[in-house]
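Biologist: I'd like to go through this structure with you and hear the reasoning behind the labels. Can you show it to me?

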Amino acid sequence: GWLFRQGATKVIATTRSGIRNGWQRFRFDALVGAGMDLEISKHDVVNPEQCRQLLASAGSALKGVWHVAMVLQDTLFNNMSPDKWDLCNDVKVAGLKNLDEMTAGADLDAFVAFSSVSSLFGNVGQANYSHANAACETLIDRRKARDPSKSVLAVQWGMIDNVGFFTANDAKVLETFLAPQVSFSFFLSFFLSFFLSFFLSF
């Protein structure tokens with residue numbers, strides 16, 4: 001509902017799996033029932049042709065792109081397979097790259113990618129996910145450099161409890177985000193970044 005409250009007249013939400021549970025159906029019906037023009041599409045933006053079709057369905061009315069896709073394929077790096085690496089990266093990076101290239105000349109009010117603090121601090125078992133988010137932020141930086149006047153942004157989310165992916169994957173989340181691992185990597189990264197910043201600016 002936030003996009004509609006900001007003035008959006010129509011929102012096309014893409015999801016390869018469609019509406020999967022009662023909560024999603026409830027929210028969709030509530031928004032549509034309130035008179036909001038919300039459409040669910042199964043176009044996959046990783047596929048260039050499907051991405052092109054999706055953007056064409058919006059036409060000249062397109063005013064914003066919000067890339068929020070994610071897939072987790074967690075494993076220690078020495079066990080990482082090409083398939084796990086590519087699946088995680090394709091959804092975020094290839095999809096965003098297609099959207100970026102195909103809207104290069106569009107007059108958009110916003111072009112936003114949802115990233116993760118894992119791109120900054122890393123996380124045990126998530127080398128592929130950390131790389132994917134860092135690559136998305138690089139694409140955002142390059143788009144912003146091409147036209148600084150446009151609203152282009154990457155949002156580094158932290159771990160969000162009780163919603164979306166994490167609600168349906170509690171066991172995996174708890175296994176991956178063990179507090180000692182997070183605490184150690186966080187404080188080590190913080191200490192090094194602070195020390196280097198102080199040293200370089202001294």
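What follows is a conversation about helices, buried residues and salt bridges in this predicted model.

Biologist: How do you know that helix 6 has the span expected of a helix?

Modeller: At 1.5 Å a residue, its 20 residues should span 28 Å, and the end C-alpha atoms are 29 Å apart, so the two agree.

Biologist: What covers the buried residues of helix 6?

Modeller: The cover includes helix 4, strand 4, helix 5 and strand 5. Among the buried residues of helix 6 are Tyr129, Ala132, Ala135, Cys136, Leu139 and Ile140. Val93 is in contact with Ala132, Ala135, Cys136 and Leu139, leaving aside its neighbours within four places in sequence.

Biologist: Which residues touch the most other members of the largest nonpolar core?

Modeller: Val65, Val93, Leu96, Leu99, Phe111 and Ile140 do, out of 18 residues in that core. Helix 3, helix 4, strand 4 and helix 6 each give two or more residues to this core. The largest share, 5 residues, comes from helix 6.

Biologist: Glu137 is in helix 6 too. Why does Glu137 have no salt bridge?

Modeller: A salt bridge needs nitrogen and oxygen within 4 Å, and the nearest side chain of opposite charge, Lys92, is 8.6 Å away, so Glu137 has none. Glu137 is buried all the same, and touches Ser115, Ser116, Ser119, Ala154 and Gln156, not counting residues up to four places away in sequence.

Biologist: What makes Asp100 and Arg146 a salt bridge?

Modeller: The N to O distance is 2.8 Å, and the cut-off is within 4 Å, so the pair qualifies. Asp100 lies in helix 4 and Arg146 in helix 6, so the pair ties together parts that are 46 residues apart in sequence.

Biologist: Why is Asp100 called buried?

Modeller: Buried means under 20% relative accessible area, and Asp100 is at 7%, so Asp100 counts as buried.

Biologist: And why is Lys150 called partly exposed?

Modeller: Lys150 is at 26%, and partly exposed runs between 20% and 50%, so the label fits. Lys150 forms a salt bridge with Asp107, the closest N and O atoms being 2.9 Å apart. That pair links the loop between helix 6 and strand 5 to the loop between helix 4 and strand 4.

Biologist: Which residues do salt bridges with shared partners join into one network?

Modeller: Asp100, Arg143 and Arg146. By the salt-bridge rule, the count comes to 7.

Key. Residues are numbered from 1 along each chain as its sequence is written. This is a predicted model: local features need pLDDT of at least 70, side-chain atom pairs count only at pLDDT 80 or more; totals for chains, interfaces and linings use all residues. Side-chain values use heavy atoms; hydrogens and water are left out. A nonpolar core is a set of buried Ala, Val, Leu, Ile, Met, Phe, Trp, Tyr and Cys residues joined through side-chain atoms within 4.5 Å. Buried means under 20% relative accessible area, exposed over 50%, partly exposed in between (1.4 Å probe, protein chains only). Helices (H or I, at least four residues) and strands (E, at least two) are DSSP runs, numbered from the N terminus. Contact means heavy atoms within 4.5 Å. Lys and Arg count as positive and Asp and Glu as negative; His and the chain ends are not counted. The expected span of a helix is 1.5 Å times one less than its number of residues.
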